[in-house]
Amino acid sequence: MKPAIEAIDLAKSFESNTVLDGASLSIRPGEFVALVGPSGAGKSTLFRCMTGLTAPDAGEVRVAGVPLGGLRARDLARVRRRIGVVFQQYNLVRRLSALDNVLAGRLADAAAWRVALGRFSRSDRLLAAAALDRVGLLDHAHQRASTLSGGQQQRVAIARALAQESSVILADEPVASLDPDSAEMVLTLLKQLTAEKGLAICCTLHQHALAERFCDRILELRGGRIGLQDEAVPSFARAWQSLSPVRVSQNAGTSLSPEGRHRRRVEA
Ligand SMILES: Nc1ncnc2c1ncn2[C@@H]1O[C@H](COP(=O)(O)OP(=O)(O)OP(=O)(O)O)[C@@H](O)[C@H]1O
């Protein structure tokens with residue numbers, strides 16, 4: 001199956017600070033992948049490169065096989081619409097209702113005059129209502145975002161990505177500001193969406209236990225490169241690695257050093 005999104009050998013430096021140094025990953029439709037790594041490792045930078053908000057110094061991002069680099073502005077906007085972004089601080093317009101925030105996911109597709117007058121089409125409103133219903137918040141459609149709980153606001157942000165009809169969701173620490181129950185609800189929802197809608201979801205997480213519980217694969221960004229942390233490895237390979245001091249493979253979601261994995265577990 002063609003990857004929903006790929007980052008290939010991305011490099012990014014800010015002056016002398018090399019943040020990404022050949023970072024590669026590939027996520028298939030229906031996969032829920034965690035991206036972990038120490039603070040400042042470059043997880044947000046990687047996401048910004050993957051959404052086209054930051055231009056990498058080298059390397060390529062492909063969405064459904066289409067390279068972002070070199071696309072004309074209109075085509076880039078069309079491809080970027082396939083990527084929904086969810087942030088730690090929700091990024092909702094707090095004075096607007098939940099429904100209006102979800103409708104913002106339709107902005108790119110709506111006619112300019114509709115946006116200017118705030119008059120979305122019936123089909124856009126139905127789509128937004130369906131997205132709110134899917135995240136369990138239809139009853140709160142007309143409630144101001146500022147009066148919703150953190151967990152509810154994050155679910156509105158996910159509904160906005162659904163209304164955008166994204167095929168990929170990049171979620172940058174989506175549960176970092178939430179209490180444990182709300183965090184669990186948000187991650188359960190994301191996991192369900194991968195299965196139900198075939199979304200490819202990559203989510204940065206600081207809580208290793210949550211990544212292990214909810215995600216199909218755990219990737220680690222460290223030293224500007226990405227390695228696979230654990231469970232997508234067949235059990236026989238894991239058993240072999242625990243006996244062998246040899247590094248099996250490198251980068252592109254396949255870097256597996258038994259020492260590194262052990263160290264990571266200790267740190268976590
Ligand atoms: N626009 C920028 N200009 C200069 N330096 C930047 C810029 N954006 C990020 N950096 C630097 O890049 C490095 C990686 O930052 P980034 O926010 O991507 O890390 P992170 O892994 O998301 O961290 P955290 O887990 O704490 O959110 C940091 O050293 C940061 O200071």
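**Stop 1: the shell around the ligand.** Start by selecting β2 (17-27) and α1 (43-50), since each of these supplies at least two residues of the shell around the ligand. You are looking at a predicted model. Which element gives the largest share of the shell? That is α1, with 3 residues.

Now select the residues around the ligand one by one: Phe14, Asn17, Val19, Gly37, Ser39, Gly40, Ala41, Gly42, Lys43, Ser44 and Thr45. Try colouring this shell by class, and you will find 3 nonpolar, 7 polar and 1 charged residues.

**Stop 2: strand β9 and its partners.** Next, select residues 217-222, which form strand β9. Is this strand mostly covered or mostly open? Mostly covered: 5 of the 6 residues in β9 are buried.

Add residues 32-36 to your selection to bring in strand β3, which runs parallel to β9 and is joined to it by 4 bridges. To see how they line up, show Leu35, which stands opposite Leu219 in β9.

Then add residues 225-228, strand β10. Here the pairing with β9 is antiparallel, again through 4 bridges. Pick out Arg222 and you will find Arg225 of β10 opposite. The hairpin made by β9 and β10 has 2 residues between the strands, and in it Gly223 takes a positive phi near 60 degrees.

**Stop 3: two domains.** Zoom out and colour the protein by domain: domain 1 covers 1-82 + 167-180 + 192-268, and domain 2 covers 95-165. How many residues does each domain bring to the contact? Domain 1 gives 6 residues and domain 2 gives 6 residues. On the side of domain 1 that touches domain 2, the classes are 4 nonpolar, 1 polar and 1 charged.

**Stop 4: the nonpolar core.** In soluble globular proteins, nonpolar side chains tend to be buried together. For the case in front of you, select Ala34, Val102, Ala159 and Ile201, the residues that touch the most other members of the largest nonpolar core, which has 72 residues. Helix α6 (residues 150-163) contributes the largest share of this core, 7 residues. Why does the core lie between the two domains? Because domain 1 and domain 2 both give residues to it.

**Last stop: Ile201.** Finish by centring the view on Ile201 and showing its contacts. Leaving aside neighbours within four places in sequence, Ile201 is in contact with Phe32, Val33, Ile169, Ala171, Leu190, Leu193 and Thr194. Among these, Phe32 and Val33 take you back to strand β3 (residues 32-36), visited at the second stop.

Technical notes:
Residues numbered from 1 in each chain as written. Predicted model: local features only at pLDDT ≥ 70, side-chain atom pairs only at ≥ 80, totals over all residues. Near = placed C-beta within 6 Å. Nonpolar A, V, L, I, M, F, W, Y, C, P; charged D, E, K, R; others polar. Buried ≥ 20, exposed ≤ 12 C-beta atoms within 10 Å, placed from the backbone. Pairing = 2+ DSSP bridges. Domains from an automatic or database assignment. Contact = placed C-beta atoms within 7 Å. Core = buried A, V, L, I, M, F, W, Y, C linked by C-beta atoms within 7 Å.
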